[in-house]
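Reader: I am new to this structure. Please show it to me, and then explain the words you use for it.

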Amino acid sequence: MATTVITGRDLVLTIATKNYDEQALSATLSNDPTIETYQTLYQKAYKHIDDQWSFEMEMLADWGAADSLCENLWASAESAPNTTIAVSFTAVTGAVFTFNVMPAFPSVGGTSPDAQTVTFSFVVVGTPTESFT
């Protein structure tokens, strides 16, 4: 079987019905499952009891721009910290993952003379849904 190399992808964050998708440099959705191990008299038994999903994102900073994603994420984290943000993450193969994240404050700063970037580590609420096409 030939190896498939996936190079294209798309990411859309929705904050207050406004879609943002131009600034993302990298994005990773990952799961950290909780698996209990029980030592019975016969053998070990494993039980998957929970999942904690996270979403890591790096983007170009756009402080001061019209409809700034950095400023809107900051405002969401500051004024509505318990209101989720909708995310749609698409691979070039057509696989689409949709989920909600809790707001997070963007980092501020960067290295000269590079473009200023910000990174996030979002907590995903619930379990992402997927559509494989």
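Author: Start with exposure. Buried means under 20% relative accessible area, exposed means over 50%, and partly exposed lies in between (1.4 Å probe, protein chains only). This is a predicted model: local features need pLDDT of at least 70, side-chain atom pairs count only at pLDDT 80 or more, and totals for chains, interfaces and linings use all residues. Residues are numbered from 1 along each chain as its sequence is written, and side-chain values use heavy atoms, without hydrogens and water.

Reader: Why is W74 called partly exposed?

Author: W74 has 32% relative accessibility. Buried needs under 20% and exposed needs over 50%, so W74 counts as partly exposed. W74 sits in helix 1, residues 69–79. Helices (H or I, at least four residues) and strands (E, at least two) are DSSP runs, numbered from the N terminus.

Reader: Which residues form a nonpolar patch with W74?

Author: W63, F105 and V108 join W74 in that surface patch. Together the four have about 390 Å² of accessible area, by the Shrake-Rupley method with a 1.4 Å probe, where for residues only the protein chains shown count as cover. Patch residues have over 30% relative accessible area and no salt bridge (a side-chain nitrogen of Lys or Arg within 4 Å of a carboxyl oxygen of Asp or Glu). Nonpolar side chains (Val, Leu, Ile, Met, Phe, Trp, Tyr) are joined within 5 Å, like charges within 9 Å.

Reader: Is D62 buried or exposed?

Author: D62 has a relative accessible area of 11%. That value is under the 20% limit, so D62 is buried. D62 lies in the loop between strand 4 and helix 1.

Reader: What makes the link between S68 and D62 a polar contact?

Author: A polar contact is a pair of N or O atoms within 3.5 Å; within protein, one must be able to donate a hydrogen and the other to accept it, and residues adjacent in sequence count only if both atoms are side-chain atoms. The side chains of S68 and D62 are joined at 2.9 Å. The D62 side chain also has a polar atom 2.9 Å from the backbone nitrogen of C70. S68 is in the loop between strand 4 and helix 1. At 2% relative accessibility, S68 is buried.

Reader: What is unusual about D67 in that loop?

Author: D67 has a positive phi of about 55°, although it is not a glycine. D67 lies between strand 4 (44–60) and helix 1.
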